[in-house]
Amino acid sequence: MRLFLATLPTILLTAYSQLVIKWRVTSLADSNDESVSALVRAYHYLTDPYVVSAYVFSLFAAIAWLYVAEKYPVSIAFPTYVGVLFVVVTIGSAVFLKEQISGQHMLGLALILVGVIFVSRAA
């Protein structure tokens with residue numbers, strides 16, 4: 001449980017970053033026509049305040065990860081972080097981005113969580 005709580009800031013900050021980037025890239029792509037060059041699209045993405053906030057949150061996630069890497073074996077902490085992140089991002093994409101999650105997808109997430117529980121108990 002301590003490992004989970006230690007990785008939670010990294011998980012939440014990273015999930016925010018991923019969901020916001022997907023949301024904004026999709027929104028900005030919908031507002032541009034297909035004739036807009038990749039360079040112009042990249043400019044719009046990189047000057048969007050939400051995308052910038054996602055990168056700032058990613059930086060904070062990296063800083064939070066430093067604490068976890070200092071206190072826990074990376075062979076246990078990283079699988080825990082990634083496994084829970086899969087679940088959080090998938091649920092967030094369903095709730096906020098209205099993405100569909102299949103039963104097979106849910107089963108896969110359940111198996112990942114079982115793996116996370118086994119791995120994190122080694123901490």
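The exercises below concern aromatic pairs, helix α3 and the nonpolar core of a predicted model.

**Exercise 1.** Classify the geometry of the aromatic pair formed by Phe 57 and Phe 60.

Solution. The structure holds 6 aromatic pairs. For Phe 57 and Phe 60, the centre-to-centre distance is 6.3 Å and the angle between the planes is 45°. Centres must lie within 6.5 Å for a pair, and planes under 30 degrees apart count as stacked, over 60 as edge-to-face. The angle of 45° fits neither class, so the pair is tilted. As for sequence, the two residues stand 3 apart in helix α3 (residues 49–71), so about one helical turn separates Phe 57 from Phe 60.

**Exercise 2.** Decide whether Phe 57 and Phe 60 are buried, partly exposed or exposed.

Solution. Buried means under 20% relative accessible area, and exposed means over 50%. Phe 57 has 28% relative accessibility and therefore counts as partly exposed. Phe 60, at 41%, is likewise partly exposed. Both residues also belong to one aromatic cluster with Tyr 16.

**Exercise 3.** Describe the pair of Trp 65 and Tyr 81, and state which elements it ties together.

Solution. The ring centres of Trp 65 and Tyr 81 are 5.2 Å apart and the planes meet at 40°, so this pair is tilted. Trp 65 belongs to helix α3, while Tyr 81 belongs to helix α4 (residues 74–96); the pair therefore ties together parts that are 16 residues apart in sequence. Both Trp 65 and Tyr 81 are buried.

**Exercise 4.** Check the length of α3 against its expected span, then describe its N-terminal end and its buried residues.

Solution. With 23 residues at 1.5 Å a residue, α3 should span 33 Å. The expected span uses one less than the number of residues. The end C-alpha atoms of α3 lie 34 Å apart, which agrees. At the N-terminal end, Asp 48 acts as the cap, with a side-chain oxygen 3.0 Å from the backbone nitrogen of Tyr 50. The buried residues of α3 are Val 51, Ser 53, Ala 54, Ala 61, Ala 64, Trp 65 and Val 68.

**Exercise 5.** Identify the residues with the most contacts inside the largest nonpolar core, and the elements that contribute to it.

Solution. This core has 13 residues, and Leu 3, Val 68, Tyr 72 and Ala 77 have the most contacts inside it. Two or more residues come from each of α1 (2–31), α3 and α4. The largest share, 5 residues, is that of α4.

**Exercise 6.** Locate Arg 24 relative to the ring of Trp 23.

Solution. Arg 24 lies over the face of Trp 23, and its distance from the ring centre is 4.9 Å.

Note on methods: Residues numbered from 1 in each chain as written. Predicted model: local features only at pLDDT ≥ 70, side-chain atom pairs only at ≥ 80, totals over all residues. Heavy atoms only, no water. Helix = DSSP H or I, 4+ residues; strand = E, 2+ residues; numbered from the N terminus. Buried < 20%, exposed > 50% of the residue type's maximum accessible area, 1.4 Å probe, protein only. Lys NZ or Arg CZ within 6 Å of the ring centre and 35° of its normal. Core = buried A, V, L, I, M, F, W, Y, C linked by side-chain atoms within 4.5 Å. Polar contact = N/O pair within 3.5 Å; in protein donor to acceptor, adjacent residues only side chain to side chain.
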